Amino acid sequence: SNVLNIDLPTTEDEAAYKASVIKMLDTAVSYNLTAIFFQVRTTNDAFYQSALNPYSRFLTGKEGEKPPFDVMAFVIEETKKRGLEFHAWCNPYRVSMGHKGTVEEYFKTCDDLNFAKQNQDLTLVDTNGQIILNPTKEKVKQFIVDSMLEIIEKYPVDGVHFDDYFYPYAGLDENHNDQPDYEAREDKTQSLGDFRRYHVSDVIKRVHEAIKKTSKTVRFGVSPFGIWKNKINDTLGSNTDEACSQSYDNQYADTYTWVKNGYVDYVVPQIYWEFGHRIAPHGDILQWWKALCEDSNVDLYIGHAAYRLGQEGEFENPLEVVNQIKYANQYDTVKGNVFFTYRNFISKDKDYDGMQALKKLLTKGDSLE
């Protein structure tokens with residue numbers, strides 16, 4: 001995770017940055033992992049040489065400032081040396097994190113190359129002040145497609161990966177939303193939800209098609225919020241309580257349709273709840289995703305909350321994630337497991353015992369039992 005420098009520092013100290021990357025990759029090898037998801041677009045920026053996007057403030061300390069070396073080339077080279085896959089993790093719409101000042105003040109901190117700064121009329125704002133690109137705009141969609149193609153044309157990546165941030169979790173600000181776009185829609189029978197889902201699905205479909213036309217080997221995947229819909233709202237939904245958030249209605253991410261129509265090559269649902277969660281039990285949600293992917297060409301990887309290990313509740317049990325992996329991997333449909341986030345692999349905090357149990361499972365095939 002590179003946003004807010006969660007897992008890695010900036011490149012202001014080149015030697016320290018490279019050492020951190022080496023440690024990260026060696027740690028991955030020590031856990032017997034096979035791939036890393038390296039965040040290369042955090043807030044409408046780039047961790048790579050780009051003609052379309054400015055260098056990230058989380059890379060160099062200031063947006064647009066050039067790093068002392070080609071960071072992505074270095075990370076990929078070191079990744080390949082260790083036999084690991086490199087997936088370029090991108091956030092498609094996010095322009096800023098929560099910002100206390102005005103939108104205009106934030107754009108003053110952006111480099112002139114920033115697409116959102118150049119096209120401020122193509123942005124929306126959520127109730128926390130976070131700025132995103134407007135998913136309904138054709139120019140935005142093409143920019144996202146072009147940005148993904150630039151990555152795979154310039155760098156030997158194994159995959160392009162989107163996270164769970166589509167429409168913002170917090171909802172849109174009443175003064176900076178897509179209501180005018182909705183009112184101007186061609187299909188007047190569309191509800192606001194259907195309108196938003198159409199445009200999000202359209203960009204997913206177009207990114208996938210563009211990647212396939214450009215490369216026979218690069219894979220495209222998404223790690224959506226773990227719940228598509230609750231069964232009480234739709235018989236096709238998961239066995240989760242009606243109080244649970246649904247990506248279908250809140251992020252307008254219709255992951256069910258993406259899998260059924262083959263808009264992605266793989267999916268990594270973020271099933272970040274414990275087995276005994278009162279309204280969102282891990283096992284029930286996993287069963288839903290297994291059933292969805294069983295008769296599809298979409299590979300299923302389970303997203304596990306390594307960051308929750310040691311926290312109050314069932315994650316106090318150091319075997320919680322280990323047990324989730326054992327449960328998931330009894331099914332042929334489950335092709336692997338993905339963990340959020342890297343810093344937990346080197347932490348000596350309350351997550352330590354759980355991560356050591358995970359390491360033992362992944363390297364020796366058993367738990368602490």
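Which residues line the largest cavity? Before answering, keep in mind that what you're looking at is a predicted model. Now to the cavity itself: its walls are made by Asn91, Tyr93, Arg94, Gln130, Ile132, Tyr165, Phe166, Tyr167 and Pro168. Sort that lining by character and you get six nonpolar residues, two polar and one charged. The space inside comes to about 40 Å³, and the structure holds one cavity of 30 Å³ or more. How does anyone find such a gap? Rolling a probe the size of a water molecule over the atoms shows where empty space is left.

Next, the largest pocket. Its volume is about 1,200 Å³, and 48 residues line it. If you want to find its centre, look for Ile36, Phe37, Val338, Phe339 and Phe340, the lining residues that lie nearest to that point. Several elements chip in with at least two lining residues each: α1 (14-30), β1 (35-41), β2, β8 (299-304) and β9 (334-339). Of the contributors, β9 gives the most, with six residues. The pocket lining as a whole divides into 25 nonpolar, 16 polar and seven charged residues.

Let's stay with β1 for a moment, as it supplies part of that pocket lining. Five of its seven residues are buried, so β1 is largely enclosed by the rest of the structure. Its partner β2 runs parallel to it, and six bridges join the two strands. To spot the pairing, start at Phe37 and look across to His87 in β2, its bridge partner. As you follow a strand along, it helps to know that in a regular strand the side chains alternate between the two faces of the sheet.

Now for the nonpolar interior. The largest nonpolar core takes in 109 residues, and those touching the most other members are Phe38, Val40, Met72, Phe86, Val157, Phe162 and Ile204. Helix α6 (residues 138-154) provides the largest share of this core, with eight residues. As background, nonpolar side chains tend to be buried together in soluble globular proteins. Ile204 makes a handy place to look around: leaving aside neighbours within four places in sequence, its contacts are Phe162, Phe166, Phe220, Val222, Trp258, Tyr263 and Val264. You've met Phe166 already, in the lining of the largest cavity.

Two other residues make a nice pair. Ser247 sits in helix α9 (residues 247-250), while Thr255 belongs to helix α10 (residues 255-260). Why does Ser247 count as buried? Its relative accessible area is 1%, and buried means under 20%. Thr255 counts as buried too, at 1% relative accessibility. Beyond four places in sequence, Ser247 is in contact with Phe225, Ile227, Trp228, Tyr252, Ala253 and Thr255. Going the other way, and with the same sequence neighbours set aside, Thr255 is in contact with Pro224, Trp228, Ser247 and Trp289. So the two touch each other, and Trp228 appears in both lists.

Last stop: His99. You'll find it in the loop between β2 (85-90) and α4 (103-107). With a relative accessible area of 23%, His99 is partly exposed. Setting aside neighbours within four places in sequence, the contacts of His99 are Glu105, Tyr106, Asn128 and Gly129. For a sense of distance, try Thr10: it is 89 residues away from His99 along the chain, and their C-alpha atoms are separated by 21 Å.

Terms used:
Residues numbered from 1 in each chain as written. Predicted model: local features only at pLDDT ≥ 70, side-chain atom pairs only at ≥ 80, totals over all residues. Heavy atoms only, no water. Helix = DSSP H or I, 4+ residues; strand = E, 2+ residues; numbered from the N terminus. Buried < 20%, exposed > 50% of the residue type's maximum accessible area, 1.4 Å probe, protein only. Contact = heavy atoms within 4.5 Å. 1 Å grid on protein atoms, 1.4 Å probe; cavity = no way out; pocket = protein on both sides within 12 Å on 5 of 7 lines; lining within 4 Å. Points joined across faces, edges and corners; volume = space filled by probe spheres on them. Nonpolar A, V, L, I, M, F, W, Y, C, P; charged D, E, K, R; others polar. Core = buried A, V, L, I, M, F, W, Y, C linked by side-chain atoms within 4.5 Å. Pairing = 2+ DSSP bridges.
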